[in-house]
Amino acid sequence: MEFYHQHKTCLFSGFLIFCMIAVASSLGPIYTPPEAERLTDRFSRLSVNQGYNVFFGGANVRLTNNGSNADLILDKSSGSGLVSRDKYYYGFFNAALKLPANFTSGVVVAFYLSNQNIFPHNHDELDFELLGYDKRRDWVLQTNIYGNGSVSTGREEKFYLWFDPTQDFHDYSILWNNHHILFLVDNVPVREVVNNTTISSVYPSKPMSIYATIWDGSQWATRGGKYPVNYTYAPFVTSIKGVELEGCVSEQNASAASACARRSTSSLDPVDGEEFVKLSQQQMTGLDWARRKHMFYSYCQDTRRYKVLPPECTAT
């Protein structure tokens, strides 16, 4: 018997204890993260319609709260998505997302940067991909990077979240500059990619657009369609708010080096200050906590997939 905590009510005291235990175990343990520096407080928030245009599935994009928020819908007719009005070279990018509840196998919610539409054979990409659950009642968080068309080498890392992402909004943030790439969840770092000699050839280096999407990933996300999207539970709705798009706006035909036309009091690049060069002690503590307690897959540990691991995995 499967328990859906959003809808199931247990009426008998003897059964109530069992029901509560079953619900808790189905969701996995809930952890309290360490204190985190609130990078999201350093940058201005926009309404959805200020920062984004419809990318696809226009009938399934529903603006709410006078355009401040939006619902992205997946149903039998289509998924849906948003794309930033501008392209950015370096910056800090955030979306606060609330994910669909109930049975979501095959549903993929993505918040990511990409320039594949401009550089189809040599593109860059930074991904948050949230994968609906199949056997466990957990959404899985996957991060990935591509640089200069390095799509033959997947650099995925996967995490279980320390909260239920269907109950409230949570911040998913990407900081990208010349020093490192940082993926954060509720301001807690979960992954850092340092720009050094071992990874510089595949480090994202061209302006990118920012996307937020929901789509049917049955074939890709569930082992060849083993657990496809069950549209009995449709529509699947992801809500988005808390938009932050603070970076170097790329002018059309501008080179990357001259891409910074962003308004900023201290620099053309708003993530170029000393505080963005490396992690603080508090951020390092959060990163260590997230990776020790919540990461369950890293490409750098996948010796079955890679007979020779990518060079950044073995660098000392």
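**Stop 1: the disulfide.** This predicted model holds one disulfide. Select Cys300 and Cys313: the bond runs between these two, with the sulfurs 1.9 Å apart. Look along the S-S bond. The torsion there is about -75°, so the disulfide is left-handed. Now colour by secondary structure. Cys300 sits in the loop between strand E15 (295-298) and helix H5 (311-314), while Cys313 belongs to helix H5, so the pair ties together parts that are 13 residues apart in sequence. Switch on the surface and check Cys300. Its relative accessibility is 23%, so Cys300 counts as partly exposed; the buried class needs a value under 20%.

**Stop 2: the annotated pair.** Select Glu125 and Glu129 next. An unreviewed UniProt entry annotates both as "active site". That label comes from the record, and such annotations may be inferred rather than shown by experiment. Show the cartoon. Glu125 lies in strand E7, which spans residues 125-131. Glu129 is in strand E7 too.

**Stop 3: around Glu125.** Is Glu125 buried or exposed? Its relative accessibility is 10%, so Glu125 counts as buried. Display side chains here and pick out His123. The side chains of Glu125 and His123 make a polar contact of 3.1 Å. Then bring up what packs around Glu125 from elsewhere in the sequence. Setting aside neighbours within four places, Glu125 is in contact with Tyr112, Leu113, Ser114 and Gln116, among others. The list also includes Asn144, Ile145 and Tyr146. Pro204 and Met208 are in contact with Glu125 as well.

**Stop 4: around Glu129.** Move along strand E7 to Glu129. Which residues does Glu129 touch, not counting those up to four places away in sequence? Select Val109 and Ala110, then Val140, Leu141 and Gln142, and finally Trp220. Hide the sticks and return to the surface. Glu129 has 11% relative accessibility, so this residue counts as buried.

**Stop 5: Glu246.** Jump to strand E14, residues 236-249, and select Glu246 within it. At 12% relative accessibility, Glu246 falls under the 20% cut-off and so counts as buried. Now add Asp269 to the selection. Glu246 and Asp269 are 23 residues apart along the chain. Draw a distance between their C-alpha atoms: the separation is 9.0 Å.

**Before you close the viewer.** Keep three selections saved. One is the disulfide pair, Cys300 and Cys313. Another is Glu125 with Glu129, the residues covered by the UniProt annotation. The last is Glu246 in strand E14, with Asp269 added for the C-alpha distance of 9.0 Å.

Definitions and conventions. Residues are numbered from 1 along each chain as its sequence is written. This is a predicted model: local features need pLDDT of at least 70, side-chain atom pairs count only at pLDDT 80 or more; totals for chains, interfaces and linings use all residues. Side-chain values use heavy atoms; hydrogens and water are left out. Helices (H or I, at least four residues) and strands (E, at least two) are DSSP runs, numbered from the N terminus. Buried means under 20% relative accessible area, exposed over 50%, partly exposed in between (1.4 Å probe, protein chains only). Contact means heavy atoms within 4.5 Å. A polar contact is a pair of N or O atoms within 3.5 Å; within protein, one must be able to donate a hydrogen and the other to accept it, and residues adjacent in sequence count only if both atoms are side-chain atoms. A disulfide is a pair of cysteine sulfur atoms within 2.5 Å.
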